[in-house]
Every structure is written in C-alpha cells, then in structure tokens.
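Hi,

Here's the structure I said I'd pass on. Have a look at it first, and my notes follow below.

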Amino acid sequence: MGERPAAGGGKWVDVAPERLPRWLENFAARHGAYTEHGLTLTAADGAEATLHEPPGAGPVTTVADLLAAALTPRRLGLLLARKGAVAVGIADGTKLIASKVDTHYVQGRTAAGGWSQQRFARRRDNQAKAAAADGAGIVGRILLPDVRSLAAVVTGGDRVAVDAVLADRVLAPVVALRSERWLDVPEPRHVVLVSAVAMARTIPILIREP
C-alpha cells in the first residue's frame, strides 16, 4: 500500500482491491464508525476518506460498486518510459500477458560550454528523438492491435519521455485511452513493468484527518 502527501493537506494511499475490505475495517477501528456519502466516508471523529476508481473501473457511485468494479478483471495497457528506456505491456487482471522492454542510449547532460555544448545538445536531442521513435514503434506493435480490448492505458516514469513516445499521430487511439493515473517508477525494466500491473490496479484514497 503506497502513501504520499496530498496537495492541500491530507494524504493519498493506494490500496489493492483485494485489501479494501480490511482497509475499511481498519479505518473504522482508527476513527470510529463511518457513514458513506457516495464514495466519501465520514468517520465519527471527523476523518474523511474519498475513494477513487482505478483505471478502467469507473464510473461508480457507491463503495460496494467500486469494489466490485475494481475486482472485475479488465485489460490495461501499460507504457513506462524514462530517458532511453521504454517498457510496454498488456495486463489481463493481475497478469502481464504481453510485454516488450527496450533501451536506447541517450547521453547524459554535460556542464561544458561553447560549441562543444551545442554539438553535444544536438547529439543528445537526436538520440532522444530516436528513442522516442523506437518507443512509439513498440507501443504500435504491442498496444495498438489490441486497443479495442483495453479498458485504459496507464503511463509512468518520466512525463517528457512518455509524451514524446505518444506524440506519434498513429498512436491516437492509444492516447484516447490514457488514464490520469501516473505511476512513479524507476528506469523501466521487466520487473518494473510487472510491479506496475499491481500499481495500476490499486484504489486511490484521499484521507483527511481532523
């Protein structure tokens, strides 16, 4: 279960669908009995928890419906990119059923100045463009043929790198399914892609305590 600060106060926690019933029990144990107002829980001590649908599972209006939708197997597309690395996959429920991971050399930044710096910057820009083009090709091979079966496409890594990959107009059907969910992951590798399946399925909950 992940946890991170929320803008404006409170915190976000990410709860796996299978663990939500236990999480609700613990919320009541910590804060007292709660009432439901749609997807927002208000506990006896004034604490509030607002649940949000995971990618491809909504919209729903009650916590019970949210849990049922979150537990229902669905296909998700995954795109992780950072610098010259890209990982693309399709998850069916909890399983990764198709994937491709690739790396493309992109030079790091340098503190040098003058013409050398400009040449270096052009070379690095060309390498980044080549990496994005290769990434777009992988997305086209893995996600595009099955795009109609996908409930959503979840992205993560580095936003600039992901946006560069998805800039190819051919991938417009994939972009149309892109979820607001963002996965904060390290350099994409197969093991990172596998862990992203579980991350993409979690139910985000915004908690504000009195």
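To start with a charged pair: which residue does Arg-189 form a salt bridge with? Its partner is Glu-187, and the closest N and O atoms of the two are 3.0 Å apart. Bear in mind that this is a predicted model. As for solvent, Arg-189 is partly exposed at 36% relative accessibility, and Glu-187 is partly exposed too, at 39%.

That pair has company, as searching the whole structure turns up 6 salt bridges. Opposite charges on side chains can pair up when the charged atoms get close to each other. Two others from the search are worth a look.

The one between Arg-4 and Asp-14 has its closest N and O atoms 2.7 Å apart. Arg-4 sits in strand 1 (residues 2–5) and Asp-14 in strand 2 (residues 11–15), so this pair ties together parts that are 10 residues apart in sequence. The two ends see solvent quite differently: Arg-4 is partly exposed, with 35% relative accessible area, whereas Asp-14 is buried at 16%. The cut-off for buried is under 20%, so Asp-14 falls on that side of it.

Then there's Lys-11 with Glu-3, where the closest N and O atoms are 3.8 Å apart. A salt bridge here needs the nitrogen within 4 Å of the carboxyl oxygen, so the pair does count. Lys-11 is partly exposed at 26%, and Glu-3 is exposed at 56%.

Next, two threonines. Thr-202 lies in the loop between helix 6 (190–201) and strand 11 (203–208). Is Thr-202 buried or exposed? It's buried, with a relative accessible area of 10%. A polar atom of the Thr-202 side chain is 2.8 Å from the backbone oxygen of Met-199. Leaving aside residues up to four places away in sequence, Thr-202 touches Asp-14, Val-15, Ala-16, Pro-17, Pro-54 and Arg-181. You'll recognise Asp-14 from the salt bridge with Arg-4.

Thr-155 is in strand 9 (residues 152–157). With 0% relative accessibility, Thr-155 counts as buried. What does the side chain of Thr-155 make a polar contact with? That would be the side chain of Arg-178, at 3.3 Å. With the same sequence neighbours left out, the residues touching Thr-155 include Leu-79, Leu-80, Val-162, Leu-166 and Trp-182. Arg-181 is also one of the residues Thr-155 touches, and Arg-181 turned up among the contacts of Thr-202 as well.

Last, the strands around strand 7 (residues 85–92). How many of the 8 residues in strand 7 are buried? The count is 7, so the strand is mostly covered. Strand 7 has a partner on the sequence side before it: strand 6 (residues 75–82) pairs with it in the antiparallel sense over 8 bridges. In that pairing, Leu-76 is opposite Ala-91. The hairpin they make has 2 residues between the strands, and Lys-83 takes a positive phi near 55 degrees there.

Strand 7 also pairs with strand 8 (residues 95–103), again antiparallel and over 8 bridges. Here Ala-87 faces Val-101 across the pair. This hairpin has 2 residues between its strands as well, and Gly-93 in the turn has a positive phi of about 65 degrees. While you're browsing there, remember that side chains in a regular strand alternate between the two faces of the sheet.

Cheers

Key. Residues numbered from 1 in each chain as written. Predicted model: local features only at pLDDT ≥ 70, side-chain atom pairs only at ≥ 80, totals over all residues. Heavy atoms only, no water. Helix = DSSP H or I, 4+ residues; strand = E, 2+ residues; numbered from the N terminus. Buried < 20%, exposed > 50% of the residue type's maximum accessible area, 1.4 Å probe, protein only. Polar contact = N/O pair within 3.5 Å; in protein donor to acceptor, adjacent residues only side chain to side chain. Contact = heavy atoms within 4.5 Å. Salt bridge = Lys/Arg side-chain N within 4 Å of Asp/Glu carboxyl O. Pairing = 2+ DSSP bridges.
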